[in-house]
Structures are given as C-alpha cells and as structure tokens.
Amino acid sequence: KAVIASSSETGRRLTKAAIWVREDNTAEGFAQAMISLYKDENRQQQLAQQAALEAPAFNRQQLLTSAWKYIQQSMNE
C-alpha cells in the first residue's frame with residue numbers, strides 16, 4: 001500500500017516511500033494526500049512498489065521496540 005505519514009523525524013526514518021504531511025497541518029494534509037493518491041494511480045503504484053521493496057528490511061519486533069521508545073520519549077518531553 002502507499003503510505004501517507006506525518007513528516008516527523010521518526011516517520012522519515014521508517015520509510016522513504018511516503019507522501020509526507022506537515023505536522024502542523026495533519027488533518028488538511030492527510031485529506032489532500034488521500035485525494036492526490038486517489039487521482040494519481042501511477043504515484044500510488046510507485047509508492048506501493050517502493051514500500052514493498054523496503055518491507056523485507058523491517059524486523060517487526062525491532063520496529064515495535066523503536067516505536068515504544070519514541071512514545072516514551074514523547075511522554076517525557
């Protein structure tokens with residue numbers, strides 16, 4: 001699947017294959033990104049193919065551990 005993600009440092013570390021949405025404009029940004037992907041099937045397919053190529057490099061347990069650490073850091077700030 002094509003990915004739409006918040007343009008956070010963590011999000012950008014997870015994948016390069018995404019449509020990035022500014023953190024200060026998530027509701028409008030996600031809506032526009034969904035419309036963009038709906039209208040541009042080639043872009044949607046391109047992002048999905050890039051994500052599929054990146055997927056084997058992910059270790060599920062490592063990803064969950066990293067996400068939990070990020071959540072804990074965010075709560076302590």
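This is a short dialogue about how to read a predicted model of one protein chain.

Visitor: Where should I begin? What pattern does the chain follow along the sequence?

Guide: Begin with the helices and strands. This is a predicted model, by the way. The chain has four helices and two strands, and reading along the sequence gives you β-α-β-α-α-α.

Visitor: And what box do the C-alpha atoms of the chain fill?

Guide: Roughly 40 × 30 × 15 Å, if you take it along the principal axes.

Visitor: How much of the chain counts as buried?

Guide: For that you look at relative accessible area, and under 20% counts as buried. Here, 18% of the 77 residues pass that test.

Visitor: What about contacts between residues that sit apart in sequence?

Guide: Take the contacts in the chain between residues at least 6 apart in sequence: 50% of them join residues at least 24 apart.

Visitor: Let's pick one helix, H2. How do I check its span against its number of residues?

Guide: Use a rise of 1.5 Å a residue. Helix H2 runs over residues 26-39, which is 14 residues, so it should span 20 Å. The end C-alpha atoms of H2 are 20 Å apart, and that agrees.

Visitor: Which residues of H2 are buried?

Guide: Gly29, Ala33 and Leu37. They cover an arc of only 65° around the axis, so they sit on the same side of H2.

Visitor: Which residues are exposed on the other side of H2?

Guide: There you'll find Ala27, Met34, Tyr38 and Lys39 exposed.

Visitor: What covers the buried residues of H2?

Guide: The cover includes strand S1 (4-6), strand S2 (19-21) and helix H3 (41-54). Try turning the structure so that you look at H2 with those elements in view.

Visitor: Now helix H1. Is Gly11 buried or exposed?

Guide: Gly11 lies in helix H1. Its relative accessible area is 12%, so Gly11 is buried. To see what surrounds a residue, skip its neighbours in sequence: leaving out residues up to four places away, Gly11 touches Ser6 and Trp20.

Visitor: Glu9 is found in helix H1 too. Is Glu9 buried or exposed?

Guide: Exposed means over 50%. Glu9 has a relative accessible area of 60%, so Glu9 is exposed.

Visitor: How do I compare distance along the chain with distance in space?

Guide: Pick two residues and look at their C-alpha atoms. Glu9 and Phe58 are 49 residues apart along the chain, and their C-alpha atoms are separated by 17 Å. Or take Ala67, found in helix H4, and Thr10: these two are 57 residues apart along the chain, with 8.6 Å between their C-alpha atoms.

Visitor: How does Ala67 count at 36% relative accessibility?

Guide: Ala67 counts as partly exposed. Arg60, whose place is also in helix H4, is exposed, with a relative accessible area of 66%. Arg60 and Ala5 are 55 residues apart in sequence, and C-alpha to C-alpha they are 18 Å apart in space.

Visitor: What volume does the largest pocket have?

Guide: About 290 Å³. After the volume, look at the residues that line a pocket. In this case they are Thr10, Arg13, Leu14, Ala57, Phe58, Asn59, Gln62, Leu63, Ser66, Lys69, Tyr70 and Gln73.

Visitor: Which elements give two or more residues to the lining of the largest pocket?

Guide: Helix H1 (9-14) and helix H4 (60-76). The largest share of the lining, six residues, comes from H4.

Visitor: How do the residues of that lining divide by kind?

Guide: Sort them into nonpolar, polar and charged. The lining of the largest pocket has five nonpolar residues, five polar and two charged.

Technical notes
Residues numbered from 1 in each chain as written. Predicted model: local features only at pLDDT ≥ 70, side-chain atom pairs only at ≥ 80, totals over all residues. Heavy atoms only, no water. Expected span 1.5 Å × (residues − 1). Buried < 20%, exposed > 50% of the residue type's maximum accessible area, 1.4 Å probe, protein only. Arc of directions from axis to C-beta. Contact = heavy atoms within 4.5 Å. 1 Å grid on protein atoms, 1.4 Å probe; cavity = no way out; pocket = protein on both sides within 12 Å on 5 of 7 lines; lining within 4 Å. Points joined across faces, edges and corners; volume = space filled by probe spheres on them. Nonpolar A, V, L, I, M, F, W, Y, C, P; charged D, E, K, R; others polar.
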